[in-house]
Amino acid sequence: MTIEKCVWWKDAVVYQIWVPSYKDSNGDGVGDLPGVISTLDYLKDLGIDMIWLSPMYDSPQVDMGYDISDYQKIYPKYGTLNDMQELIDKCHDKGIKIILDLVANHTSSENKWFQESRSSKNNPKRDWYFWRKPRYDESGNRIEPNNWMSYFSGSAWEYDETTDEYYLRLYAKDQPDLNWNNYEVRNTIYDSVINWWFEKGVDGFRIDTAGKFSKVESFQDAPIILKDSFYQPVGNLALNGPRIHEFHKEMFDRCWSKYDAFVVGEVGRCSKQEALKYVGKSRNEMNAILLFDVVKLIYEKNDRFQKTKWDLIDFKKAIDKQCNLIKGTDAWSTIFLENHDEPRCVSKFINTNYRVEGGKLLTMLQSTLSGTLFIYQGQEIGMTNLPRSWDISEYKDIVTINYYNEFKEKYGKDADFKEKEEKLIDVIKFCSRDHARSPVQWNSEKFAGFSTVEPWTRVNDNYSEINVESQLNDPNSILSFYKQLIKLRKQFKDLFTYGEFEVLDYDNTILFTYVKKSPKFEVPKVYVVLNFSSKWVKFEKLIEGNFNLLVTNVSKKDILDEKLSPYEGRVYIIE
Ligand code: GLC
Ligand code: CA
């Protein structure tokens with residue numbers, strides 16, 4: 001099957017903006033839409049073709065805007081509808097597309113739909129959410145309708161006194177799940193959310209939790225996986241559920257097919273077969289999918305705060321899966337190493353003593369892989385995780401806080417609590433979502449040029465060393481390297497973006513070598529070798545051919561033909 005190339009979003013480079021920590025324009029310590037507008041030239045210069053804006057809708061911010069109280073209003077601290085229109089229009093003036101986050105699995109409990117729904121059992125919107133009667137144990141204690149565990153810890157059900165029933169909330173207690181089986185719910189999402197925003201000019205959406213809209217309606221107990229917990233991971237009872245593809249096809253018919261849109265779904269970890277159901281072109285559901293195998297390598301499947309042991313072979317497998325989703329299929333893929341839910345990639349995959357070399361190495365990896373490329377704010381300057389020395393009180397994310405509170409409840413009275421706590425913070429230092437959420441480091445002034453006042457969340461201590469301004473003027477910076485690689489990606493898009501991916505050294509735990517080539521011709525091809533270690537390593541060409549060095553992350557005069565220095569990477573064109 002040959003890949004269809006003529007749609008604009010396939011070779012676009014997408015930049016994700018998480019508004020509260022991006023740029024504050026009015027000195028209140030919170031990022032905002034005028035702040036975003038003020039940086040469009042910077043993004044254009046970087047080579048960005050599209051921005052994805054994380055939720056900017058009105059919200060009580062329990063989960064940083066992924067809890068929406070009004071889909072047609074802007075969160076006042078971010079600006080107004082006029083600011084939003086200006087952002088859309090200015091993006092378009094500069095030839096940048098803009099997509100929004102579609103958070104439709106759940107709303108905020110402050111949304112008027114939920115307020116109505118909870119008010120009485122007979123309310124016309126009662127069925128817009130999942131309401132279930134309590135169960136009672138042998139001693140007559142009230143218990144939840146089933147054992148499902150929330151992704152944010154504890155039960156997935158919340159008791160509501162008003163009508164003596166529980167509502168389902170897979171995330172925070174203030175994020176009730178919408179009942180997608182109800183046609184009025186779907187209709188409202190299509191007309192009053194998606195198409196309403198299309199009419200304002202947006203170019204598409206990233207669908208939040210796109211695999212979770214359909215639940216197994218029997219609401220049976222989830223199988224026991226966690227031995228010492230009553231609540232159990234919901235797994236497939238709420239993921240890739242019975243009606244999920246029917247819903248996505250309907251959304252395609254009612255919304256996506258009517259606009260020249262880019263629609264990318266957050267589907268999480270799933271098999272190739274399952275992924276293709278969402279993203280096969282002929283399926284008419286969505287254009288691309290965000291697969292999480294790479295970014296989630298570092299934690300256990302059912303516990304974000306348990307680190308896993310993984311090696312470069314696992315990493316290669318995960319990359320292979322992302323790239324090869326399109327091999328022999330009519331689907332399209334994406335490539336990303338960071339987002340607002342993930343720690344910084346240099347802190348995750350690289351020995352941070354080699355942050356600059358390693359940051360460039362990951363840039364080479366990312367920009368030579370197949371699919372639509374996503375970059376998260378601050379990634380382009382190699383921003384890092386928060387310092388280990390910070391106190392737990394600096395962590396603001398609900399996932400970290402809930403986890404910590406549960407931990408404290410469980411072990412708080414133990415004599416060795418302090419030791420246990422230190423161990424947990426060691427893990428939080430690697431795994432928490434907060435690492436992606438510190439303010440973008442624009443310059444070396446106080447508060448990193450993000451704001452003129454103390455920001456809502458603390459600036460990383462390393463801002464005077466790592467910031468946009470210093471890197472803009474430095475030809476050897478990660479930022480300059482990103483710019484260069486984005487240019488090359490566009491110049492060689494047949495190979496970088498659309499080429500077939502093949503790993504040449506699967507068993508090697510230190511080097512990652514792969515080729516990218518057209519499905520039709522043997523040459524030219526791209527040959528990439530990346531040293532993922534802090535050691536000097538022997539370099540051998542694994543295939544025959546005429547190697548021309550296109551780009552490397554070390555100064556060309558330092559290159560030793562036979563050896564790769566720590567975190568050295570090379571991209572050759574073979575003709
Ligand atoms: C998605 C978002 C995450 C949010 C969750 C609930 O996974 O990326 O930030 O907390 O959905 O909406
Ligand atoms: Ca502000």
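Contact here means that heavy atoms lie within 4.5 Å of each other. In this predicted model, that criterion underlies the packing of helix α12, whose buried residues pack against β14 (299–300), β15 (303–307) and α11 (398–411). The structure also holds an open sheet of eight strands with parallel pairing, and a calcium ion (ligand 2) with protein donors 2.2 to 2.3 Å from it.

**Annotated domain**

- The UniProt record, an unreviewed entry, places the feature "domain: Glycosyl hydrolase family 13 catalytic" at residues 16–428.
- Residues 16–428 are 31% helix and 15% strand, and the end C-alpha atoms of this span lie 23 Å apart.

**Calcium site (ligand 2)**

- Side-chain oxygens of D24 (OD), N26 (OD1), D28 (OD) and D32 (OD) serve as donors to the calcium ion, together with V30 through its O atom.
- The spacing of these donor residues along the sequence is D-x1-N-x1-D-x1-V-x1-D.
- Of the donors, V30 and D32 are both buried.

**Eight-stranded sheet**

- The strand order is β13-β12-β11-β5-β2-β1-β17-β16.
- The edges of the sheet are formed by β13 (288–291) and β16 (334–335); each has a single partner strand, so one side of each is left without a neighbour in the sheet.
- Within the sheet, β5 (residues 97–102) pairs with β11 (residues 204–207) in the parallel sense, over four bridges.
- In that region L100 stands opposite F205 of β11.

**Edge strand β13**

- Strand β12 (residues 262–268) pairs with β13 in the parallel sense, again over four bridges.
- The bridge partner of E266 in β13 is L290.
- Both faces of β13 are covered, with A288 and L290 buried on one side and I289 and L291 buried on the other.

**Helix α12**

- Helix α12 (residues 417–431) comprises 15 residues and reaches 20 Å from its first C-alpha to its last, close to the 21 Å expected at 1.5 Å a residue.
- Its buried residues are F417, E421, L424, I425, V427, I428, K429 and C431.
- The list of buried positions therefore includes E421 and K429 alongside residues such as L424 and I425, where buried means under 20% relative accessible area.

**Helix α14**

- Helix α14 (residues 478–491) lies across three strands of the sheet, namely β1 (13–17), β16 and β17 (372–376).
- The direction of α14 is at about 170 degrees to that of β17.

How values were computed
Residues are numbered from 1 along each chain as its sequence is written. Chains are lettered from A and ligands numbered from 1 in the order in which they are written. This is a predicted model: local features need pLDDT of at least 70, side-chain atom pairs count only at pLDDT 80 or more; totals for chains, interfaces and linings use all residues. Side-chain values use heavy atoms; hydrogens and water are left out. Donors are N, O and S atoms within 2.8 Å of the metal (3.2 Å for Na, K and Ca); water is not among the atoms, so sites may look incomplete. Buried means under 20% relative accessible area, exposed over 50%, partly exposed in between (1.4 Å probe, protein chains only). Helices (H or I, at least four residues) and strands (E, at least two) are DSSP runs, numbered from the N terminus. The expected span of a helix is 1.5 Å times one less than its number of residues. Two strands pair if DSSP finds at least two bridges between them. Axes are lines fitted to C-alpha atoms, for helices over the stretch in contact, and angles run from 0 to 180 degrees between N-to-C directions. UniProt positions are given in the numbering used here, feature names are shortened, and annotations may be inferred rather than shown by experiment.
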